[in-house]
Amino acid sequence: MRNIKAGIVATLTAFALAACSTVGGSASPSAAPDGGGGGGDGGKKVAFVSQVEGVPYFSAFKQGATETAKSLGMSYTQAGPATADATEQVRIFNSLVQQGYAAIAVSPLDPRSMNPAIAAARKKGIVVITSDADAPDSERQVFVQQATDAALGATVMDQIAAKMGGQGEYGIVSGAADTQTFNSWVAEARKRQEAAYPKMQLVGGVRYTTDTAQALKEAQDLMTANPDLKGLIAVPSTAVPGVAQAVQNAGKAGQIAVSGFGSPKTARTYVESGAMTSTVLWDVPQLGILTVWAMKQLLDGKQIAADNTVPGLKQPVKYDAGDKTLVLGPPMVFTKSNIAQFDY
């Protein structure tokens with residue numbers, strides 16, 4: 001990853017085939033629902049539909065979810081699109097409904113297209129929750145949230161602001177414009193900047209991308225149009241390597257503060273090289289644990305308490321009955337000092 005061509009090849013190898021959080025259908029090997037092992041023939045079948053399957057992030061999610069399902073006597077399947085395709089994600093979800101899964105969790109790429117599918121599944125008595133990303137206007141029963149949007153947005157802004165000295169121009173490269181979760185993180189980051197760092201200025205508006213190569217180009221364009229740029233935020237995991245590679249290619253590693261929401265494995269090369277200041281995320285295997293636990297509670301007809309002790313999690317998990325949200329905990333920040341400890 002020493003130049004533009006190498007950077008695109010490397011990132012497309014890791015992401016274009018399996019983007020960031022999708023589960024595929026029967027059209028290709030990577031899209032077929034993948035049984036993760038569970039509680040034998042008598043166990044209830046539960047599933048998770050990711051946004052893009054095959055990337056380290058969702059592989060880590062599957063690890064935690066599979067182990068938990070097995071311990072609870074259930075069979076776990078994870079599937080998702082090979083690229084960030086909302087239409088394909090709905091098709092996969094509907095396929096799992098037709099196969100008779102008792103509970104399905106989904107990380108919606110586009111809530112508008114997923115809402116009718118969720119409603120149809122609920123009419124059939126299937127437990128449906130969202131995890132990792134939400135469809136707040138749908139009939140989902142619970143949203144398993146990694147951390148609050150406010151905490152995530154504030155944390156990533158604090159990361160670049162610290163390196164920028166709280167002043168100067170910064171840019172944002174986000175994911176698809178209609179992905180509500182990404183938009184919420186961006187909104188909270190901007191809110192934090194306006195309240196805490198009034199001497200910082202967003203330039204170029206928010207740049208929207210769908211893959212790593214496009215993120216690289218948008219970051220390059222921002223640097224070219226704004227030669228005094230001092231910071232960049234990369235929102236989804238697919239944007240992180242593109243933005244970091246652009247900074248590295250420009251010879252501005254260490255000069256432009258870069259942070260974003262990428263898995264440690266995705267960001268490690270760039271954090272260790274100095275092209276990224278940090279990456280902000282959460283404990284992904286634990287998100288998988290909490291997601292399966294939540295499905296089990298609903299399948300058993302149990303009410304989720306305000307504070308919950310969940311096997312496999314280090315701290316109690318809070319539940320907001322008002323918006324039906326389970327929050328895993330505060331964000332985690334990965335830097336040179338700790339990023340090598342995490343393999344997702």
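Residues 1–32 come first, where the pLDDT stays under 50. This is a predicted model, and for that stretch it nevertheless contains 102 contacts beyond four places in sequence. A second stretch, residues 34–42, also has a pLDDT below 50; the model gives it 20 contacts beyond near neighbours in sequence. Where pLDDT is low, the predicted coordinates should not be read in detail, and I shall therefore not interpret any individual contact in such a region. For the protein chain, the average pLDDT is 88, and 88% of the residues score at least 70.

I turn now to the strands. In which sense do strands β2 and β3 pair? Strand β2, residues 45–49, and β3 run in the parallel sense, and their pairing extends over 5 bridges. Within this pairing, V46 is positioned opposite Y76 of β3. The connection between the two strands passes through helix α2, residues 56–71, and the resulting β-α-β crossover is right-handed. As for β3 itself, residues 75–79, the strand is mostly covered, with 4 of its 5 residues buried.

The last element I wish to discuss is helix α10, which spans residues 284–299. From the first C-alpha to the last, the 16 residues of α10 reach 23 Å, and this is close to the 22 Å expected at 1.5 Å a residue. Is α10 mostly covered or mostly exposed? Of its 16 residues, 14 are buried, and α10 is accordingly described as mostly covered. Just after this helix, G301 adopts a positive phi of about 70°.

Note on methods: Residues are numbered from 1 along each chain as its sequence is written. This is a predicted model: local features need pLDDT of at least 70, side-chain atom pairs count only at pLDDT 80 or more; totals for chains, interfaces and linings use all residues. Side-chain values use heavy atoms; hydrogens and water are left out. Buried means under 20% relative accessible area, exposed over 50%, partly exposed in between (1.4 Å probe, protein chains only). Two strands pair if DSSP finds at least two bridges between them. A crossover is right-handed if, with the strands pointing away from the viewer, the path from the first strand over the helix to the second runs clockwise. The expected span of a helix is 1.5 Å times one less than its number of residues. pLDDT is the predictor's confidence in each residue, from 0 to 100. Contact means heavy atoms within 4.5 Å.
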